[in-house]
Amino acid sequence: MILYLQKRNPSVPGIADKLYPPQERKLEKVKKYWRLLLTLKPMREIYGHNQLDSKDISIDHFVPWSFVAHDELWNLHPTTRSINSSKSNHLPDWDTYFREFARVEYGAYELVEKSERARTEFDKCAKDHLNSADIRYRLYRDGQDFSVFSEQLENVIRPVYQSAVNCGFDNWIYRGEGNEPDNILL
């Protein structure tokens, strides 16, 4: 039945994982990877531009897990616990956040190219969180500049994002600490 549903709903990923979600999700390798990157280069998260601190790091799914039902590295980035909680299962506004998301991802890509420690953690993380050889090649091959990387990232994530929009996921813009998030239907 699940295979039947998935075959007839190709724009909705991970139907089986939504019907029977995993009891626990394992993002510790991803957290360890981002914590290491923070020791190599200070970073700000994309929603509130807060300086990231390894003690208050949370891994956000740019397109919510409740839609994608996977923990693929290309959809994961660091933010603070409070912002991740505020975002919940909403879609970050594409025009507001995609370029910043791409910059953070590209910054990580650059660190992996420059640092053997970062490369080692990336490879450990990729074993569990990068399941497509095609996407790995498109996004993480050596020698890309920001414009090529950003274009490839957009080619990977935009169709998934648009599918989530089509399925009714609300658009979200972060309005700062103490403020409720704005959910904007576009």
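## A tour of salt bridges and a nonpolar core

Start by selecting Arg138 and Asp134, whose side chains meet in a salt bridge with an N to O distance of 3.2 Å. What you have open is a predicted model, so treat each stop as a feature of that prediction. Why do these two sit about one helical turn apart? Because Arg138 and Asp134 are four residues apart in helix H8. Colour them by accessibility, and Arg138 comes out as partly exposed at 21%; Asp134 is also partly exposed, with a relative accessible area of 44%.

Stay with helix H8 for the next stop. Select Arg136 together with Asp123: they form a salt bridge, and their closest N and O atoms are 3.0 Å apart. This pair ties distant parts of the chain together, since Asp123 belongs to helix H7 (residues 116-129) and Arg136 to helix H8 (residues 133-140), 13 residues apart. Asp123 is partly exposed at 29% relative accessibility, and Arg136 is partly exposed at 32%.

Now move to Arg81 and Asp56. Here the salt bridge has its closest N and O atoms 3.9 Å apart, which counts because the cut-off is 4 Å. Where in the chain do the two partners lie? Arg81 is in helix H5 (residues 81-87), while Asp56 is in the loop between helix H3 (28-40) and strand S1 (58-61); 25 residues separate them, and the pair links distant parts of the chain. Both ends are partly exposed: Arg81 has a relative accessible area of 46%, and Asp56 has 29%. If you would like to hunt for others, the structure holds eight salt bridges.

Next, hide the charged pairs and look at the nonpolar residues. In soluble globular proteins, nonpolar side chains tend to be buried together. The largest nonpolar core of this model has 51 residues, and the members touching the most others are Tyr33, Trp34, Phe62, Val63, Trp74 and Tyr140. Which elements each supply at least two residues of this core? They are H3, helix H4 (65-68), helix H6 (94-114), H7, H8, helix H9 (146-166) and strand S4 (171-173). Helix H6 gives the most, with 11 residues.

For the last stop, centre the view on Trp34, one of the core members just named. Leaving aside residues up to four places away in sequence, Trp34 touches Met43, Ile57, Ile59, Leu76, His77, Pro78, Val104, Glu105 and Ala108. Show these neighbours as sticks, and you can trace the surroundings of Trp34 one contact after another.

Notes: Residues numbered from 1 in each chain as written. Predicted model: local features only at pLDDT ≥ 70, side-chain atom pairs only at ≥ 80, totals over all residues. Heavy atoms only, no water. Buried < 20%, exposed > 50% of the residue type's maximum accessible area, 1.4 Å probe, protein only. Core = buried A, V, L, I, M, F, W, Y, C linked by side-chain atoms within 4.5 Å. Contact = heavy atoms within 4.5 Å.
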